[in-house]
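Me: I have a model open and would like to talk through how it is put together. Could we start with the packing and then move on to other things?

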Amino acid sequence: MEEIDLREMFQIFWNKKIPIIIIVIMFIITGFIYTTKFTTPMYSSSTTLVLASSEDTKANANTTITATDITINSKLVSTYSELVKSKNILREVINNLGIQMDEEILRKHVKVSSVKNTELIEITVEDENPLIAAKIANEIAKVFTDKVKEIYNISNVQIVDEAEIASTPSNINPVKNMILFAGMGIVVAIIYVIIANMLDTTVKSAEDIEKNFNVSVLVSIPMIEKLNNERKHKRQ
């Protein structure tokens, strides 16, 4: 019984293959138009910082980095990650670069993340202008290292990698978006076929009568159009 049901379901979808293909193609086209025409390209640039030993430690050649130093630095990673997005730092960055941007808006475009089980902090800035994104990321790193010296009176933050100008948008992936929209189209097409089949109460075969009414079909009369077509075909 289960095998027959699967065959019937396959036949239902096969009979609706044209509408299914049309729906999926429409969704793919919609995804392409949305990606290329309605999505604003945003560019991301990242700079990496590392918590290292302070200048006082470097000055003393006999001093080595202890496990305590590493533990303290690891705890400072979380504090520093929040400090990067503080108002004072972002306000100073805006003033230094002379850009017209509110600090709250800038904060939304700045992402700070710490690499797990390391003392690395990554600062990522997203902007419509790739040059501005790189400049802001590098300026944040510079201002932040100066603020750490001022607040904590130590110099344990070093810039590992400076931000570079991105060549491609970070929020636009046409292939990925079209695959996503194609998947949505397939789901919509399946729902359409199921609903259309539920609302279709017409009898299409003798098997439908036997299945729905539990009666045996003794005689079936073929359609006149089908017979005429077969006769014309034989004459030709």
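Me: At what angle do helix α2 and helix α8 pack, and how far apart are their axes?
Reply: Bearing in mind that this is a predicted model, helix α2 (residues 17-38) and helix α8 (residues 174-199) pack at an angle of about 145 degrees, and their axes lie 8 Å apart.

Me: Is the crossing of α2 and α8 right-handed or left-handed?
Reply: The crossing of these two helices is right-handed. By class, the contact of α2 with α8 has 18 nonpolar residues and five polar ones, with no charged residues.

Me: Which residues meet there?
Reply: On the α2 side they include Ile20, Ile23, Phe27 and Phe32, and on the α8 side they include Met178, Phe181, Ile186 and Tyr192.

Me: Different topic: is Glu103 buried or exposed?
Reply: Glu103, which is found in helix α6 (residues 103-108), counts as buried because its relative accessible area is 14%, and the cut-off for buried is under 20%.

Me: And what does its side chain pair with?
Reply: The side chains of Glu103 and Arg91 are joined by a polar contact of 3.0 Å. Leaving aside neighbours within four places in sequence, Glu103 is in contact with Lys87, Leu90, Arg91 and Ile94.

Me: Zooming out, how many helices and strands does the protein have?
Reply: The protein has ten helices and four strands, and buried residues make up 26% of its 236 residues.

Me: What about the exposed surface?
Reply: The protein exposes about 16700 Å², of which carbon and sulfur atoms supply 58%.

Note on methods: Residues numbered from 1 in each chain as written. Predicted model: local features only at pLDDT ≥ 70, side-chain atom pairs only at ≥ 80, totals over all residues. Heavy atoms only, no water. Buried < 20%, exposed > 50% of the residue type's maximum accessible area, 1.4 Å probe, protein only. Polar contact = N/O pair within 3.5 Å; in protein donor to acceptor, adjacent residues only side chain to side chain. Contact = heavy atoms within 4.5 Å. Areas by Shrake-Rupley, 256 points an atom, 1.4 Å probe, with all protein chains shown as cover. Axes fitted to C-alpha atoms, helices over the stretch in contact; angles between N-to-C directions. Left-handed = near helix turned anticlockwise from the far one by under 90°. Nonpolar A, V, L, I, M, F, W, Y, C, P; charged D, E, K, R; others polar.
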